[in-house]
Amino acid sequence: MLDRLRGLALVWLSTTVEVKDMSVLRKSWEQTYLKEDAYLSCSITYLKKL
């Protein structure tokens, strides 16, 4: 759903929703960032450490 809505709408997750898939969490966190040419996404390995 996040991929289909990218650029059209922001998806906000309720604090009561437990998401364990780190790639989904990363997409939801990064959807509001302005991604210029030098933008680097945080690696899944690093996010798991956090």
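**Exercise 1.** Find the partner that the side chain of lysine 20 meets in a salt bridge.

*Solution.* Start with the rule: a salt bridge is a side-chain nitrogen of Lys or Arg within 4 Å of a carboxyl oxygen of Asp or Glu. For lysine 20 the partner is glutamate 18, at 3.7 Å from N to O. Next, check the surroundings: lysine 20 and glutamate 18 are both exposed (buried is under 20% relative accessible area, exposed over 50%, partly exposed in between, with a 1.4 Å probe and protein chains only).

A word on the model: it is predicted, local features need pLDDT of at least 70, side-chain atom pairs count only at pLDDT 80 or more, and totals for chains, interfaces and linings use all residues. Residues are numbered from 1 along each chain as its sequence is written, and side-chain values use heavy atoms, with hydrogens and water left out.

**Exercise 2.** Count the salt bridges and work out what the one between aspartate 3 and lysine 27 ties together.

*Solution.* The count is 2 salt bridges. Aspartate 3 and lysine 27 pair through their side chains at 3.0 Å, N to O. Because aspartate 3 lies in helix H1 and lysine 27 in helix H2, the pair ties together parts 24 residues apart in sequence (helices are DSSP runs of H or I, at least four residues, numbered from the N terminus). Finally, look at accessibility: aspartate 3, at 42%, is partly exposed, and lysine 27, at 36%, is partly exposed too.

**Exercise 3.** Judge the confidence of the chain by its pLDDT.

*Solution.* Recall that pLDDT is the predictor's confidence in each residue, from 0 to 100. The chain averages 81, and 100% of the residues score at least 70. By element, H1 has the lowest mean, 80, and H2 the highest, 82.

Notes. Helices (H or I, at least four residues) and strands (E, at least two) are DSSP runs, numbered from the N terminus.
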